[in-house]
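Biologist: Could you walk me through this model?
Modeller: Gladly, here it is.

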Number of protein chains: 2
Amino acid sequence: MADGPGNPATSESLLFLTDEQLRKGIEAMFFAYRGFTADPDRILEELGYGRAHHRAVHFIHRSPGTTVNNLLSILGVTKQSLNRVLRTLIEDGLVESRVGRQDRRERHLHLTEAGTQLERRLSDAQRDRMRHAFRQAGPEAVIGFRAVLEAMMDPELRHHYTALKEGN
Amino acid sequence: MADGPGNPATSESLLFLTDEQLRKGIEAMFFAYRGFTADPDRILEELGYGRAHHRAVHFIHRSPGTTVNNLLSILGVTKQSLNRVLRTLIEDGLVESRVGRQDRRERHLHLTEAGTQLERRLSDAQRDRMRHAFRQAGPEAVIGFRAVLEAMMDPELRHHYTALKEGN
DNA sequence: TTGGAAAGTCAACAAGGCTGACGTATTGTC
DNA sequence: GACAATACGTCAGCCTTGTTGACTTTCCAA
């Protein structure tokens, strides 16, 4: 089995690592992310919210009772930045901030009924697109999709992704 | 072949469409995109640029001589927004704007030598991460990754992704 | 030739990042 | 009991990057 530069098998097996393939992957991320956020963005706009509000609502829904500090480490923004968003959500009655029972310095965040409804509306829209893409591409592709994305994350942030119930 | 709710084959084959699977997909996109932009962001920051500059440089490199209008349709922002970015890039000598020969209203955009160098530096960083993720996940996964992302794009924007030399 | 459309530029504003400084309540430690 | 550390909130001010509105230059078609 010669392995020269002209060997078709060799070039084929490495084809997915050529600069052109990598560029395609980069642009795929760019354009897909646009689609990924497009539907929620439309809903948010009519309510006067932005993506920052969506992120907060999403992760409060995922981890009810989470603290401000925990949310900060997930979102990777400053507390001043998060606070601005959180304040409007609390004022608008979408999020409730409860003083911690063990540690009264902490604030535990929960979605109100209205907050839960908005979360549902946003995630329904986003899931619809994700479901369509998954169905279109098939189960095998979904495995690959997840594998590549997981490998693309910063290692020190990956635990936020896998921290929940493992195996799902 | 009964198809009851307890049938393992059925639930397994549809497992990738459960709400929990979709939520994982959504968060995978969120965290992966953060990693995807992290390396270029660091380079851009030390130069006083942002992601908007990166996007402009990337697509001018991909399509030398492209017009401002064409760039607008790819990037999906207003021309005023793009213009601000473009102006600084031109002032800094990274991009050259040439008046169109047929239509003198048009401006054809090219990277200068310095612009090409910056593009190289940015895309090297981003390709390194993409390459690592591709290698980690394997060729089969890359196929799936691309299939899912392509299905996630807005149909009317997808042509920007596949418009180049097909089959690469 | 003139009026509309198209390409691009300038001005001003808003969202949402950031840093820095500071205040307050609470907790834990010496 | 004093004191440092922690969790959170807030004010001020900056930057990037999105927006709309008003404008010029250029082209083309009636």
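Here are some questions and answers on the DNA contacts and one sheet.

Modeller: This is a predicted model: local features need pLDDT of at least 70, side-chain atom pairs count only at pLDDT 80 or more, and totals for chains, interfaces and linings use all residues. Residues are numbered from 1 along each chain as its sequence is written, chains are lettered from A and ligands numbered from 1 in the order in which they are written, and side-chain values use heavy atoms, with hydrogens and water left out.

Biologist: Which element gives the most to the surface near DNA strand C?
Modeller: Near means that a heavy atom of the residue lies within 4 Å. Helices are DSSP runs of H or I with at least four residues, and strands are runs of E with at least two. Helices α3 (51-62) and α5 (79-91) of chain A, with α4 (68-75) and α5 (79-91) of chain B, each supply at least two residues. With five residues, the top contributor is α5(B).

Biologist: How far is a polar side-chain atom of R55(A) from a phosphate oxygen of DNA strand C?
Modeller: R55(A) is among the residues that come nearest to this strand. A polar contact is a pair of N or O atoms within 3.5 Å. For R55(A) and the phosphate oxygen, the distance is 2.5 Å.

Biologist: Which strands stand at the edges of the sheet in chain B?
Modeller: Strands pair if DSSP finds at least two bridges between them. The open, antiparallel sheet has the order β1-β3-β2. Each edge strand has a single partner, so one side lacks a neighbour in the sheet; these strands are β1 (66-67) and β2 (95-99).

Methods: Polar contact = N/O pair within 3.5 Å; in protein donor to acceptor, adjacent residues only side chain to side chain.
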